[in-house]
Amino acid sequence: MSALIKGLSKNKQSESIRLGRFWMVVLFTLTLVFSIVYNLPASWLISQPSVQQQIPKQWLMDAVQGSVWEGEMAIATQIKNKPSAVLNLGVLQWDVDSLPLLKGMLSSQQQWSLAENSQIDFHIERDLLSADTPLLLSGVQGSIDIAQLIQRLSSAGLGTLTATGQMIATGVDMALDPLTFWPQKVSGQFELRSLSTLGMIFPTLTAIPSMEAQTILLSLSAQESGWQLKGRIGIRANHTYDITLSVKGESAQKMPDWAQLMVQKTPTLA
């Protein structure tokens, strides 16, 4: 009887050892897989044909660093009808939240840096299980230095005016087409501050965005003592646009100097 008990005890110990080794192998394998996935290079992912097919051909991505979870890359775009012209758009950084991926959702905090004083922060979200689901951008905020933006446009061979100032984005939300990245919905507010060009300084200009069919509409407004500006800019998907502005003053003497650049309807309306 004693020998039988000892034999059972040894069998249990052997089974316990085998079970312990099994779970050590499982733990090691899971750790290895997690480590590989967590450190998967972003450059490898972007180079995959299936990913390349989802990136519009005019977008150029270079100097990709970091992992698929956290990293950065330089971005640029080719100018339509100018194949040799490339617009340098600076650096895009990302930090992906892994938990929403369990539900098939991409959720990531992004930061776009055009230059040292030009930076926009935003959050993106996309349903990975549906190819038709729009790309959502929320909480877009930050500022772009107009002089730095003009310098990039000029380097790409686009005609520009010399100007300084800041473009401020506050609480902007957008839904983008997953293939063209053109907005389907947009809301929030933009401001143009301290704009100086053609020897004149302009007041703070507020722009409220909205969509009408495939056209981005910006409702413009500005006001100072003695005059008021209202207007609208329409930007179409083919990159053409139209601008309508009007300035009304309480008197001819109170009309702003830059109103002389506009068509004068009356002494108090341009």
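## Ring pairs and salt bridges: worked exercises

At 62% relative accessibility, glutamate 250 counts as exposed. Keep that in mind for the second exercise; the model here is a predicted one.

**Exercise 1.** Work out how the rings of phenylalanine 202, tryptophan 227 and tryptophan 258 are linked.

*Solution.* Start with the count, which comes to 2 aromatic pairs. Take phenylalanine 202 and tryptophan 258: the ring centres sit 5.4 Å apart with the planes at 45 degrees, so call this pair tilted. Phenylalanine 202 is in the loop between β9 and β10, while tryptophan 258 is in the segment after β13, so the pair ties together parts 56 residues apart in sequence. Both of these residues are buried.

Next, tryptophan 227 and tryptophan 258: the centres are again 5.4 Å apart, but the planes meet at 85 degrees, so this pair is edge-to-face. Tryptophan 227 belongs to strand β12, so here the parts tied together are 31 residues apart in sequence. Tryptophan 227 is buried too. Put the pairs together and you get a cluster of Phe202, Trp227 and Trp258.

**Exercise 2.** For each salt bridge, decide whether the partners are buried, partly exposed or exposed.

*Solution.* There are 3 salt bridges to go through.

- Arginine 193 meets glutamate 191 at 2.7 Å, N to O. Arginine 193, at 37%, is partly exposed; glutamate 191, at 18%, is buried because the cut-off is under 20%.
- Aspartate 242 meets arginine 236 at 2.6 Å. Aspartate 242 is partly exposed at 28%, and arginine 236 is partly exposed at 31%.
- Lysine 254 pairs with glutamate 250, closest N and O atoms 3.3 Å apart. Lysine 254 is partly exposed at 40%, whereas glutamate 250 is exposed.

Methods: Residues are numbered from 1 along each chain as its sequence is written. This is a predicted model: local features need pLDDT of at least 70, side-chain atom pairs count only at pLDDT 80 or more; totals for chains, interfaces and linings use all residues. Side-chain values use heavy atoms; hydrogens and water are left out. Rings of Phe, Tyr and Trp (its six-membered ring) pair if their centres lie within 6.5 Å; planes under 30 degrees apart count as stacked, over 60 as edge-to-face and the rest as tilted. Helices (H or I, at least four residues) and strands (E, at least two) are DSSP runs, numbered from the N terminus. Buried means under 20% relative accessible area, exposed over 50%, partly exposed in between (1.4 Å probe, protein chains only). A salt bridge is a side-chain nitrogen of Lys or Arg within 4 Å of a carboxyl oxygen of Asp or Glu.
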